[in-house]
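Morning, everyone. Thanks for making time for this one. Let me put it up on the screen, and then we can walk through it together.

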Amino acid sequence: MDAKMRLGECFHELRALRGAYIVIRVDGRSFSRLTERTCEKPFDTGFHHKMTDAAKAVLTSLHGSYAHTQSDEISILLPHETDVFDREVEKLVSIAASSATASLSLALSAPVEFDARLWLGARRGDVVDYFRWRQADAARSALNNWCYWTLRKEGKSVKEATHAMLGLSVAGKNELLFSRGINFNDVPAWQRRGSGVYWETIAKVGRNPRTGESVPATRRRLRVDDDLPMKEAYGKFVRQFLKEQAEA
Ligand SMILES: Nc1nc2c(ncn2[C@@H]2O[C@H](COP(=O)(O)OP(=O)(O)OP(=O)(O)O)[C@@H](O)[C@H]2O)c(=O)[nH]1
Ligand SMILES: [Mg+2]
């Protein structure tokens with residue numbers, strides 16, 4: 001009976017190919033509606049902090065090496081040789097989604113949901129491209145959100161604001177903001193580029209339990225970086241999390 005029933009768990013054997021780089025991305029479900037009711041527009045610092053806390057929770061749970069968060073999504077890079085959950089796809093995506101869900105639901109005191117997907121890259125350059133892609137997405141949507149909410153705050157309806165932005169180039173959107181006293185380049189970097197979360201090692205003084213002597217020690221902790229570099233410099237930055245990993 002047990003063996004027969006387990007045959008129905010036909011996706012359970014699915015594993016992320018060894019040698020491939022794994023990035024898992026979680027994304028909030030229907031967060032347009034959630035943020036419409038509860039967040040400042042276009043960006044809410046408190047919500048962002050709760051997202052970076054959720055990124056810390058997933059990074060810790062999956063023993064990841066780097067996370068990037070923007071808007072309602074978090075991408076988590078796992079170490080190249082990771083053996084976490086034996087690389088089982090179902091385990092990885094469900095734990096990533098539930099870890100983010102638990103963290104943010106508690107922080108907001110409201111039930112939220114995240115979906116999750118798994119991305120595989122063959123080589124280091126693919127991972128660099130992946131994170132540059134998500135950063136470019138952050139920049140694109142930040143510019144759109146700033147324009148949209150600036151128009152809405154002027155009293156335009158959803159339809160009017162959407163219509164006013166139709167066909168506007170990136171330069172045109174920058175101009176729209178500039179003519180209203182907003183320099184998009186001065187908007188906080190975390191809004192335009194997202195934030196990074198990664199481990200750092202700090203020195204601390206430990207105590208030898210036998211002798212009571214002070215001894216130098218180190219401790220790992222997660223750091224949130226709200227001022228990420230961009231473009232090629234960001235690519236170089238991401239490579240530091242792939243450094244010790246052998247090229248496939
Ligand atoms: N006001 C506000 N909105 C935010 C903030 N961060 C994210 N959002 C919104 O969250 C939404 C995320 O976009 P999507 O993931 O494409 O939309 P969604 O409604 O979550 O849809 P699904 O992911 O398909 O379920 C966008 O509408 C963003 O504007 C914030 O700090 N403030
Ligand atoms: Mg979403």
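Before I point at anything, one term: I'll say two strands pair if DSSP finds at least two bridges between them. And keep in mind throughout that this is a predicted model.

So, let's start with the strands. Strand E5, residues 195–207, and strand E6, residues 214–225, pair in the antiparallel sense, with twelve bridges between them. To pick out one spot, Lys204 has Ala217 in E6 as its bridge partner. Now look at the hairpin that E5 and E6 make: six residues sit between the strands, and Gly212 there has a positive phi near 80 degrees.

E5 has another neighbour to show you. Strand E2, residues 66–70, runs antiparallel to E5, and four bridges join the two. If you want a place to look, find Tyr66, which stands opposite Tyr198 in E5.

Step back along the chain from E2 and you get to His63, in the loop between helix H3 and E2. The phi of His63 is near 55 degrees, which is positive even though the residue isn't a glycine.

Okay, on to the ligand. Which pocket does ligand 1 take up? The largest one: that's the space ligand 1 fills. Two elements give two or more residues to the shell around ligand 1, namely strand E1, 21–28, and helix H2, 31–38. H2 gives the most, with three residues. There are 17 residues around ligand 1, and the ones that come nearest are Asp27, Ser30, Phe31, Ser32 and Asp44.

Let's zoom in on some of the backbone contacts. Ser30 has a backbone N or O atom 2.7 Å from an oxygen atom of ligand 1. For Phe31, a polar backbone atom is 2.8 Å from an oxygen atom of the ligand. Then there's Pro42, where a backbone N or O atom lies 3.1 Å from a nitrogen atom of ligand 1. As for cover, ligand 1 has 650 Å² of accessible area on its own, and the protein covers 70% of that.

Stay on Pro42 for a second. You'll find Pro42 in the loop between H2 and helix H3, 45–62. The peptide bond joining Lys41 and Pro42 is cis, with omega about 0 degrees.

Last stop, helix H5, residues 124–153. How far apart should its ends be? At 1.5 Å a residue, the 30 residues should span 44 Å, and the end C-alpha atoms are 43 Å apart, so the two agree. Right after H5 comes another glycine to look at: Gly155, with a positive phi of about 110 degrees.

That's my tour, so over to you for questions.

Methods
Residues are numbered from 1 along each chain as its sequence is written. Chains are lettered from A and ligands numbered from 1 in the order in which they are written. This is a predicted model: local features need pLDDT of at least 70, side-chain atom pairs count only at pLDDT 80 or more; totals for chains, interfaces and linings use all residues. Side-chain values use heavy atoms; hydrogens and water are left out. The expected span of a helix is 1.5 Å times one less than its number of residues. A residue is near a molecule or strand if one of its heavy atoms lies within 4 Å of it. A polar contact is a pair of N or O atoms within 3.5 Å; within protein, one must be able to donate a hydrogen and the other to accept it, and residues adjacent in sequence count only if both atoms are side-chain atoms. Accessible areas come from the Shrake-Rupley method with a 1.4 Å probe; for residues, only the protein chains shown count as cover. On a 1 Å grid over the protein atoms alone, a cavity is a set of points where a 1.4 Å probe fits but cannot get out, and a pocket is an open set with protein on both sides within 12 Å along at least five of seven lines; lining residues have an atom within 4 Å of a point. A molecule sits in a cavity or pocket if more than half of its atoms lie within 2 Å of its grid points.
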